[in-house]
Amino acid sequence: MKPVVSIIMGSTSDLPLMKKAMDLLDEMHVPFEVHALSAHRTPKEVEEFATKAEGRGVKVIIAAAGMAAHLCGVIASMTTLPVIGVPISASLEGLDALLAIVQMPPGVPVATVGINASHNAALLAVQMLSLADGELAKRYAQYKEDLKVKIVKANEELSGIQYTYKTN
């Protein structure tokens with residue numbers, strides 16, 4: 001089994017936040033790999049990873065970074081693969097990372113999800129991969145239907161809450 005998604009983080013301290021992405025990819029039966037690479041501390045390894053990912057069969061890269069958040073953009077500058085950035089709340093409540101990832105220069109796009117939103121990054125990767133994988137598209141459609149059912153059930157449960165002035 002070869003990975004089609006790479007999850008890259010600047011430090012293993014990001015692992016608890018990135019677990020949601022790993023869980024979702026696993027649930028969707030999407031082969032993935034996980035690496036800790038730093039644009040500042042291991043630049044040669046980042047370059048090797050980014051330039052060789054496509055040749056290894058990787059289709060989408062999810063890159064997580066906090067603070068200055070250069071990892072996502074550096075990887076995007078070295079590959080034609082789509083890169084999804086996950087800003088990590090390491091300082092300034094993650095706003096520094098969010099702005100560093102989303103404000104890329106022309107020609108170096110990085111899709112960006114919300115702060116600490118690795119789950120959404122994995123869902124975006126699944127959506128991208130679903131364009132060429134009908135079975136994955138079916139699993140994703142079922143996932144979306146399950147979300148709907150969950151909310152409908154929650155709404156029904158709310159109707160049972162009783163208050164004197166509650167009208168529904």
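The following legends accompany several views of a predicted model of one protein.

**Figure 1. Overall fold of the predicted model.** The protein contains six helices and five strands. Read from the N terminus, these elements follow the order β-α-β-α-β-α-β-α-β-α-α. The C-alpha trace extends over about 65 × 40 × 30 Å along its principal axes. Of the 168 residues, 37% count as buried. When contacts between residues at least 6 apart in sequence are considered, 66% of them join residues at least 24 apart. The protein exposes a surface of about 9800 Å², and carbon and sulfur atoms supply 58% of that area.

**Figure 2. The largest pocket and its lining.** Rolling a probe the size of a water molecule over the atoms shows where empty space is left. The largest pocket has a volume of about 300 Å³. Its lining consists of 17 residues, and those closest to the centre of the pocket are Gly10, Arg41, Ala65, Gly66 and Met67. Strand E3 (60–66) and helix H3 (70–77) each contribute at least two residues to this lining. By residue type, the lining comprises eight nonpolar, seven polar and two charged residues.

**Figure 3. Helix H5 and its buried residues.** Helix H5 covers residues 118–130, a total of 13 residues. At 1.5 Å a residue, H5 should span 18 Å, and its end C-alpha atoms are indeed 18 Å apart, so the two values agree. The buried residues of H5 are Ser118, Ala121, Ala122, Leu123, Ala125, Val126, Leu129 and Ser130. An α-helix has 3.6 residues a turn, so residues three or four places apart point the same way. The buried residues of H5 pack against strands E1 (5–9), E3 and E4 (83–88), and also against helices H1 (15–27) and H6 (134–159).

**Figure 4. Glutamate 93 in its loop.** Glutamate 93 lies in the loop between E4 and helix H4 (95–102). The phi angle of glutamate 93 is near 55°, a positive value in a residue other than glycine. Glutamate 93 has a relative accessible area of 68%; because this value is over 50%, the residue counts as exposed.

**Figure 5. Asparagine 116 before helix H5.** Asparagine 116 is placed in the loop between strand E5 (111–112) and H5. Although asparagine 116 is not a glycine, its phi is positive, at about 65°. The relative accessible area of asparagine 116 is 26%; since residues under 20% are buried and those over 50% are exposed, asparagine 116 counts as partly exposed.

How values were computed
Residues are numbered from 1 along each chain as its sequence is written. This is a predicted model: local features need pLDDT of at least 70, side-chain atom pairs count only at pLDDT 80 or more; totals for chains, interfaces and linings use all residues. Side-chain values use heavy atoms; hydrogens and water are left out. On a 1 Å grid over the protein atoms alone, a cavity is a set of points where a 1.4 Å probe fits but cannot get out, and a pocket is an open set with protein on both sides within 12 Å along at least five of seven lines; lining residues have an atom within 4 Å of a point. Grid points are joined across faces, edges and corners, and a volume is the space filled by probe spheres set on the points. Helices (H or I, at least four residues) and strands (E, at least two) are DSSP runs, numbered from the N terminus. Ala, Val, Leu, Ile, Met, Phe, Trp, Tyr, Cys and Pro count as nonpolar, Asp, Glu, Lys and Arg as charged, and the others, Gly among them, as polar. Buried means under 20% relative accessible area, exposed over 50%, partly exposed in between (1.4 Å probe, protein chains only). Contact means heavy atoms within 4.5 Å. Accessible areas come from the Shrake-Rupley method with a 1.4 Å probe; for residues, only the protein chains shown count as cover. The expected span of a helix is 1.5 Å times one less than its number of residues.
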